[in-house]
Amino acid sequence: SDVDKEPCGTSLSVPQVVGALALLKQQFPTWSYQQLITRVINTSDKIPSLAGKVVGGKLNVARALGGR
């Protein structure tokens, strides 16, 4: 059954991205959701093997929030 399967792929990434967007919305409350999404995409770590498979790359919350 599906209950016995280990979650993988986008089913694991969605909660991570939504959490990052919530943190960004708290830090930048006047930004639109499009601005927040663009920030997440533009601050992701680019991974060559993911080229053409994902929009941005590996989520980098610290960089999105203004860190390194």
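Which residues make up the largest nonpolar core? In this predicted model, that core consists of Leu21, Leu24, Phe28, Leu36, Val40 and Ala64, 6 residues in all. Two elements, α1 and α2, each give two or more residues to the core.

The fold around this core is helical. The protein chain has 3 helices and 0 strands. Read from the N terminus, the order of elements is α-α-α. Helix α1 covers residues 10–27. Helix α2 covers 33–42, and α3 covers 61–64. The chain has 68 residues, of which 15% count as buried. About 5,200 Å² of the protein chain is exposed, and carbon and sulfur atoms supply 60% of that area. Contacts were also sorted by separation along the sequence. Among those between residues at least 6 apart, 31% join residues at least 24 apart.

Individual core residues show how the parts meet. Leu21 touches Leu36, Ile37 and Val40, leaving aside residues up to four places away in sequence. Of these partners, Leu36 and Val40 are listed in the core together with Leu21. Phe28, another member of the core, has a relative accessible area of 17%. Phe28 is therefore buried, as the value falls under the 20% limit.

Phe28 also takes part in an aromatic pair. The structure holds 1 such pair. The rings of Phe28 and Trp31 have their centres 4.0 Å apart, and their planes meet at 10 degrees. The pair is stacked because this angle is under 30 degrees. The two partners differ in exposure: Phe28 is buried, whereas Trp31 is partly exposed at 23% relative accessibility. A second ring has a charged neighbour. Lys25 lies over the face of Tyr33, at 5.0 Å from the ring centre.

The loop between α2 and α3 holds Thr43. Is Thr43 buried or exposed? Its relative accessible area is 10%, so Thr43 is buried. Beyond residues up to four places away in sequence, Thr43 touches Asn60, Arg63 and Ala64. Two of these contact partners recur elsewhere in the description. Ala64 belongs to the largest nonpolar core. Arg63 forms a salt bridge with Asp45.

Side chains of opposite charge can pair when their charged atoms come close. The count here comes to 1 salt bridge. In the bridge between Asp45 and Arg63, the closest N and O atoms are 2.9 Å apart. The pair links distant parts of the chain, with Asp45 in the loop between α2 and α3 and Arg63 in helix α3, 18 residues apart. Neither partner is buried: Asp45 is partly exposed, with a relative accessible area of 22%, and Arg63 is partly exposed, at 32%. Arg63 thus has a role in two sets of pairings, touching Thr43 and bridging to Asp45.

Helix α1 also includes Gln16. Where does Gln16 stand in terms of exposure? Its relative accessible area is 52%, and Gln16 is therefore exposed, since the value is over 50%. The C-alpha atoms of Gln16 and Val61 are separated by 9.3 Å. Along the chain, these two residues are 45 residues apart. Val61 lies at the start of α3, which runs over 61–64.

Terms used: Residues are numbered from 1 along each chain as its sequence is written. This is a predicted model: local features need pLDDT of at least 70, side-chain atom pairs count only at pLDDT 80 or more; totals for chains, interfaces and linings use all residues. Side-chain values use heavy atoms; hydrogens and water are left out. Helices (H or I, at least four residues) and strands (E, at least two) are DSSP runs, numbered from the N terminus. Buried means under 20% relative accessible area, exposed over 50%, partly exposed in between (1.4 Å probe, protein chains only). Contact means heavy atoms within 4.5 Å. Accessible areas come from the Shrake-Rupley method with a 1.4 Å probe; for residues, only the protein chains shown count as cover. A salt bridge is a side-chain nitrogen of Lys or Arg within 4 Å of a carboxyl oxygen of Asp or Glu. Rings of Phe, Tyr and Trp (its six-membered ring) pair if their centres lie within 6.5 Å; planes under 30 degrees apart count as stacked, over 60 as edge-to-face and the rest as tilted. A charge sits over a ring if NZ of Lys or CZ of Arg is within 6 Å of the ring centre and within 35 degrees of the ring normal. A nonpolar core is a set of buried Ala, Val, Leu, Ile, Met, Phe, Trp, Tyr and Cys residues joined through side-chain atoms within 4.5 Å.
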